Every structure is written in C-alpha cells, then in structure tokens.
Amino acid sequence: MRIQKLGVIDDATLELHPGLTVVTGETGAGKTMVVTGLHLLSGGRAEASRVRVGADRALLEGRFLVPAGTGAALVASDAGAEPDEDGSLIALRSVGADGRSRAHLGGRSVPVGVLAQLAEQTLAVHGQNDQLRLLRPAEQRAVLDRFGGEEITELRDRYREVRSEWMRVTEELTERRDRARELAREAELLRHGLTEINAVAPRRAEDVELQQEAKRLADVDQLREAAAAAQAAVSGAPDGDPEQPGALGLLGEARRRLGGVDDPRLRDFEPRVSEALALLVDVGAELGGYLEDLEADPDRLQSVLARQAELKALTRKYAADVDGVLDWAEEAERRLAEVDTSDDALAALRARREELGGLLAGHAVELSAARARAAGRLAEAVTAELGGLAMPHARLVVSVAVRECDEGDPAALNVDGRWSHAGPDGVDDVELRLVAHDGAPELPVHKGASGGELSRVMLALEVVLAHADPVPTLVFDEVDAGVGGRAAVEIGRRLARLAVTHQVVVVTHLAQVAAYADRHVVVDKGSGSGITRSSIRQLEPGERVVELARMLAGMESTETGRAHAEELLEVAERDRATFRLVHTTG
C-alpha cells in the first residue's frame, strides 16, 4: 500500500506480507494513518480533514491479490476491472482537500461502493470504534449471525422473504380499513370509468382504422375519377378507341415489332417488354376490381362518423387515443382490486395475512432456535479465549430472547401464543453479557467489564469470529488499549496464532504484542521547516530489539531494556514455531 499526503505521512510505501505485521511508533507519528488508509481503500467515508495541510489531495494505492473464482474476483469482473498479469488488482482512492473523492479499480473509474464490495470479501478492520459499535444490540445480533454461518443466513433469508409479503399484506389491510371512505370514492370513480369504456368496447387502433375509412368514404368521387383515369392510361379507352390504346396497347405494339426483327441484340429487349406487359395486365385488373368495390355508401359513412364520436368522448376523458384508453382501463382494473373495501375483499386480505403470519412464525421459531444453539457455542468459544487472556474466571453469556410487544404493534406476530415484534432480522434480541468472576452478577458487557477487560473481551470475540469469517486479511487498530503485563503477552500470542491462517495487521503500542510479529514496521516522526513528516520502514532484527526496548519503558539505550526485549523475542519465536507446527500437523 502506498500512502501520499495523508495526515502526517507525506509519501510512504507499506508492503504487507503474509502472517503478522505490527505497526508501531511514537505517539503522534501517524500509526493510525495506516488504518485510515486501509479504511479509505475499503470504500470508507472520506474526510477532507485527513488531507495533509498544504496538499490538494491525499492518494491511497493498494494491490490486492484476488484469486480467480472468489467473490472478490466476481466484484472486480462486474466492475470491468482488469487484473495485472499476476492476478492482482490495483485499487486507488483519492480524497481532495475540498472533500471530493474518486475511486479506481483495475484501471477503471468505479463508484466508491465497488471498493466497499471488494473489501467485504478481502479485508476486515477492527478498531476501537468497531468495539463501540459491537456494544449496540443490532451489531451483537449480527455478530451471532455471522458466527452461526450458513444455517442462520439461510433461515434468516427465508424469514425475510415471507416477512416482506406479510408486511405488504398487513399494510394494505390497514390502509383499506383506515381509508375506507376515501378508497370507496376512488373505487366508484374507477368503476364509472370502466363502465363507460366497456359500453363503447373500443378495439386497439380502431380510431386509426376509422379515420382512414371515413376519409375514403368522404372522397369516393375523387377516388373513382383517379382510379378510372389510371385504368384508362393502363388498359386504354373503355370503348376500345384505337386513338387511346393505353400502355397495354403500346407495349403490345412494341413487343410485336421487336419480335419481327432478325438482330439478336434488338430481340433481347422483347422478353423484358413481355414482363412489363404482364405486370400492367395485373395492375389494370386490380384497378378494375377497385372501381367495382368503390361505391358511395352514405349510411356507412354516417355509421363511421358516429363511432368516431363515441371514441372521441372516451379520448377526451381518459387518454389521447384509443390505445391509451385501453391502457387506462387495464390500470383501473388493477387499482380497483387494490382499493376494494368490500367485506369480501377485507376478509380475503385477513385470511392471507393469517396464512402468511403462521408461515412467518414458523420461520421465526426456527431462526430463534438456530441462534440459541449458536449462542451457546459462541459463548463457550469466547470464554475459552478469555481464559487465555488473563481473565480465567470470566464467562461470556450470549442471551437470545424474544422481543415481546403489544398486539397493536404494526409488526406484531403471534409466536407460540405470545405477541412478538417481527423485525427485519427476526423476533430476537441478542445481548452479550459478562460474568467477570465467580459470584459476580451477569451484566451487559459494557457494564460488567473495565476498560482493559472490555478490550480483551472484544479481542476474544474477534479471534473467534475470524475463524468463522472467510475474509483473508484482518486489521486490528490498538485493540490492546488499556491492557498490560501478562494479558498483553496473551494478546500477542492470540494474534500470532490467528496469523497462521490469516494475514494480520496490528497497530499497537505494546512491546509484548509487537514481539510476536513476523514483520515489524515502524512509523518514524520527523520535522523540517516547522512541518511534521512521518515515514514508514520495516525493521531489521537488530533494530527490533531497540524498538521493543523503547516501547517497554523508553529504555532502548540500556542493557536491561535490551535484555528484556531480547527475552520477549525469544519467547515469541518459540510460541510462533509451535503455532506453525500445530497448524501443519493438524
């Protein structure tokens, strides 16, 4: 990832390898700009305040490895993005000092939402803001659903499908009852219009046909004169006057003369004249038939004019032409079915609502049961993680309870004889609760845990969820805040174990966590001309000892600090080797 003009970072490149990468640095050096850059590449909200002072824009560039056939590859393909030869995709995000933002993927300009869709498949960022978000009831339910996997997803999708139809029928029934008088007036107007149209019974394009027929009947004398003159010109005078032979006579004479010569070249014209003669014979016959059928019919003309008047009465009221009138009638029939407030119509809607309600209640019960099963597994897994994070006596409880409501609730659903609020995600309220130690009360997690304990609870949740999450890259932004000592070492161990199967990036201020890194990146703060500039560089093994000593207590220049740092690195390397061995041997 390359970062330009973002916060205190002027221009820096960060190469993220497989395994665990830690980012450290002094306070104010710009460590969080790494996470901010990843947020922006993930389609996050752009803020003009993040652009470096004096710069016209900030630019983020990242290379994502996207295997063929994955969801991320499908997102890129739909956006028209072109991968590089190695299968990677280049994503770009620029944020102007005026707040405007642009995004590119694989050489194509794309909406920012496309980057968000790509990030959903490739990247998950966990920070302190994410911890706060996890304290919301809706987010806690989403956490449980994510942990439950496909079983809950499929049950929730079926529930949502039925609920959508159930809510539509419920709202329609309520509207018809509450607006009965208004809808009755609308229905009366629709029925009156349909009665008028049905009485006339127009056909599609009938007005066009009648217009043509009326014109022909009104102009019969002129048409007869034109047809007779044309027939005479083709076939000759009706009385056989040789002075008016017509085109047929002239062509016949031409064919006779051509047939009587010996010049082959001249005689070649005779077949073509014969073809023209045959065509004119047909034209003359058809003109004669037209004249025989062309008779003045005053009665038919009056009938056509009367029919036109009937149709015009409809087109004045309902549409510009007959086809439009018929379209209005079809729409009126559909709308009439919707606004029908008769007892029979309301009874049919009530029956449909009850039918859908029974089906929806069944799906809700199945979804609640699946959540309850997943809640037990999630609580057990997180509690086990807490034991390794220096909270051996703490216990997480995941509560799944039906949200009850009054019968008057617009989304009230009868589930097993109780009225429950049928929300878009089910009838369940999910709450994470913590028992801090034996004998302690069971409290909501944000009330039952101190600041440091809350960080550990959230990290335990994230570690457990990561195994249920297909996203290959996980980013943790100072989730170890408020933690120290043995708990800090355990956090480092958890992240290192997670990095065996995921690409993990951690921004941390704890040496105990940084010691477990496969690669250690430091953000250095410098200044010149009164302007703070930060750079990013990867540490060599010897430099890591110095950085860890600084992080421990600012003792990078003392033997004690170095010795402590070296000891941390040795312990971390042994643990990482064990994690890799366990993963390899299964």
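These legends go with close-up views of a predicted model.

**View 1. A negative patch on the surface, with Glu150 as one of its members.** Four acidic residues, Glu150, Glu154, Asp157 and Glu161, make up this patch. Glu150 belongs to helix 6, which covers residues 150-178. With a relative accessibility of 62%, Glu150 falls in the exposed class, because exposed here means over 50%.

**View 2. Arg160 and Asp425 joined by a salt bridge.** Here the N to O distance between the two side chains is 2.2 Å. The partners come from distant parts of the chain: Arg160 sits in helix 6, while Asp425 is in the loop between strand 11 and strand 12 (428-435), and their positions lie 265 residues apart in the numbering. Arg160 is partly exposed, at 35% relative accessibility.

**View 3. Asp575 and Arg493, a salt bridge between two helices.** The side chains of Asp575 and Arg493 meet with N and O 3.1 Å apart. Asp575 is part of helix 21 (residues 559-585) and Arg493 is part of helix 18 (residues 485-498), so this bridge ties together parts of the chain 82 residues apart in sequence. Asp575 is buried, at 15% relative accessible area, whereas Arg493 comes out as partly exposed at 24%. Zoom out a little and the pair turns out to belong to one network, in which salt bridges with shared partners join Glu385, Glu490, Arg493, Arg494, Arg497 and Asp575.

**View 4. Asp98 and Arg100, a salt bridge between exposed residues.** The closest N and O atoms of this pair are 3.7 Å apart. Asp98 is exposed, with 56% relative accessible area, and Arg100 is exposed too, at 66%. For the wider picture, the structure has 38 salt bridges.

**View 5. Asp145, a buried acidic residue in helix 5.** Helix 5 takes in residues 137-148, and Asp145 is found there. Its relative accessibility is 5%, so Asp145 counts as buried, the limit being under 20%. Setting aside residues up to four places away in sequence, Asp145 touches Ile152, Arg156 and Arg371.

**View 6. Ser420 and the residues packed around it in contact.** Ser420 is in strand 11, residues 418-421. This serine is buried, with just 1% relative accessible area. Beyond its neighbours within four places in sequence, Ser420 contacts Val402, Arg403, Glu404 and Cys405, then Ala411, Ala412, Leu413 and Val415, and also Val427.

Methods
Residues are numbered from 1 along each chain as its sequence is written. This is a predicted model: local features need pLDDT of at least 70, side-chain atom pairs count only at pLDDT 80 or more; totals for chains, interfaces and linings use all residues. Side-chain values use heavy atoms; hydrogens and water are left out. Patches are made of residues with over 30% relative accessible area and no salt bridge: like charges are joined within 9 Å, nonpolar side chains (Val, Leu, Ile, Met, Phe, Trp, Tyr) within 5 Å. Accessible areas come from the Shrake-Rupley method with a 1.4 Å probe; for residues, only the protein chains shown count as cover. Lys and Arg count as positive and Asp and Glu as negative; His and the chain ends are not counted. The place of a charge is taken as NZ of Lys, CZ of Arg, CG of Asp or CD of Glu. Helices (H or I, at least four residues) and strands (E, at least two) are DSSP runs, numbered from the N terminus. Buried means under 20% relative accessible area, exposed over 50%, partly exposed in between (1.4 Å probe, protein chains only). Contact means heavy atoms within 4.5 Å.
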